[in-house]
Amino acid sequence: MAKGTINTGRIAENRKARHEYEVEEKIEAGLILLGSEVKSLRHGRASIAESYAGEDKGRLVLFNANIPIYEAARVNHEPKRPRELLVKMRERNRLLGLIRREGMTLIPLTLYFTDRGIAKIQIGLAK
């Protein structure tokens, strides 16, 4: 990607996840992001290779995803802060139940922008 161009498709992919885990189901979730995080993602700078999703105070949260700081922003974000995932309440409760009871795990597979420019993450329910 040339310098100065803006990314509108796939941002990051976790290739190792498909080899290390048996992915049983794929779920699309939204992310709650700050402005500087979106700018950094638009420039294609992110890593989800070592991240995972889990529970934090009854919410579904993405942990350890690295979105580097955006240098031009006045107020920046912490690169590896926990980010809340947006899924429907019924889906969230089902996923949290599977994590707690059956020893399943949620791993991020792909981070991308939709056609409308909204950041989404594809999460795999895996063993």
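This briefing covers helix α2, the main nonpolar core, strand β5 and a few individual residues. The structure is a predicted model. Its largest nonpolar core has 25 residues, and strand β7 gives the most to this core, with four residues. Helix α2 spans residues 35–42 and has four named buried positions, S36, E37, S40 and L41.

**Helix α2**

- The buried residues of α2 (residues 35–42) are S36, E37, S40 and L41. They lie on the same side of α2, because they cover an arc of only 140° around the axis.
- The cover over the buried residues of α2 includes four strands: β1 (10–13), β5 (83–86), β6 (105–113) and β7 (119–126).
- G44 follows α2 and has a positive phi, near 75°.
- R42 lies over the face of F113, at 4.0 Å from the ring centre.
- A search of the whole structure for aromatic pairs finds one.

**Nonpolar core**

- In soluble globular proteins, nonpolar side chains tend to be buried together.
- Here the largest nonpolar core has 25 residues, and the members with the most contacts inside it are L41, L85, L111 and I121.
- At least two residues of this core come from each of β1, β2 (23–31), β4 (59–63), α3 (89–102), β6 and β7. The most come from β7, which gives four.
- L41 belongs both to the core members with the most contacts and to the buried residues of α2.
- Leaving aside neighbours within four places in sequence, L85 is in contact with A29, G30, L31, A53, L60, V61, L62, I121 and I123. I121 is itself among the core residues with the most contacts.

**Strand β5 and its partners**

- R83 and L85 form the covered face of β5, while E84 and L86 form the uncovered one.
- β5 pairs with β2 in the antiparallel sense over two bridges. Within this part of the structure, G30 has L86 of β5 as its bridge partner.
- β5 also pairs with β4 in the antiparallel sense, over two bridges. V61 stands opposite E84 in β5.
- Several residues of β5 recur elsewhere: R83, E84 and L86 are among the residues touched by I32, and L86 has a C-alpha 9.2 Å from that of K120.

**I32, in the loop between β2 and α2**

- I32 is located in the loop between β2 and α2. Its relative accessibility is 39%, so I32 counts as partly exposed.
- Apart from residues up to four places away in sequence, I32 touches E37, R81, R83, E84 and L86. Of these, E37 is one of the buried residues of α2.
- I32 and M104 are 72 residues apart along the chain, and their C-alpha atoms are separated by 24 Å.

**K120, in strand β7**

- K120 is part of strand β7. It counts as partly exposed because its relative accessibility is 21%, and the cut-off for buried is under 20%.
- With neighbours within four places in sequence left aside, K120 is in contact with E28, A29, G30, T110, L111, Y112 and T114. A29 and G30 are also contacts of L85.
- K120 and L86 are 34 residues apart in sequence and 9.2 Å apart in space, C-alpha to C-alpha.

**M104, in the loop between α3 and β6**

- M104 is found in the loop between α3 and β6. With a relative accessible area of 7%, M104 is buried.
- Neighbours within four places in sequence aside, M104 is in contact with E24, L98, I99, L125, A126 and K127.
- From M104 to G30 the C-alpha to C-alpha separation is 21 Å, with their positions 74 residues apart in sequence.

**Positive phi outside glycine**

- Most residues other than glycine have a negative phi.
- K57 has a positive phi near 55° and is not a glycine. K57 lies in the loop between β3 (52–56) and β4, and is exposed, with a relative accessible area of 79%.
- N64 is likewise not a glycine, and its phi is positive, about 65°. N64 lies in the loop between β4 and β5 and counts as partly exposed, at 29% relative accessibility.

Definitions and conventions:
Residues are numbered from 1 along each chain as its sequence is written. This is a predicted model: local features need pLDDT of at least 70, side-chain atom pairs count only at pLDDT 80 or more; totals for chains, interfaces and linings use all residues. Side-chain values use heavy atoms; hydrogens and water are left out. Buried means under 20% relative accessible area, exposed over 50%, partly exposed in between (1.4 Å probe, protein chains only). The arc is that of the directions from the helix axis to the C-beta atoms. Contact means heavy atoms within 4.5 Å. A nonpolar core is a set of buried Ala, Val, Leu, Ile, Met, Phe, Trp, Tyr and Cys residues joined through side-chain atoms within 4.5 Å. Rings of Phe, Tyr and Trp (its six-membered ring) pair if their centres lie within 6.5 Å; planes under 30 degrees apart count as stacked, over 60 as edge-to-face and the rest as tilted. A charge sits over a ring if NZ of Lys or CZ of Arg is within 6 Å of the ring centre and within 35 degrees of the ring normal. Two strands pair if DSSP finds at least two bridges between them.
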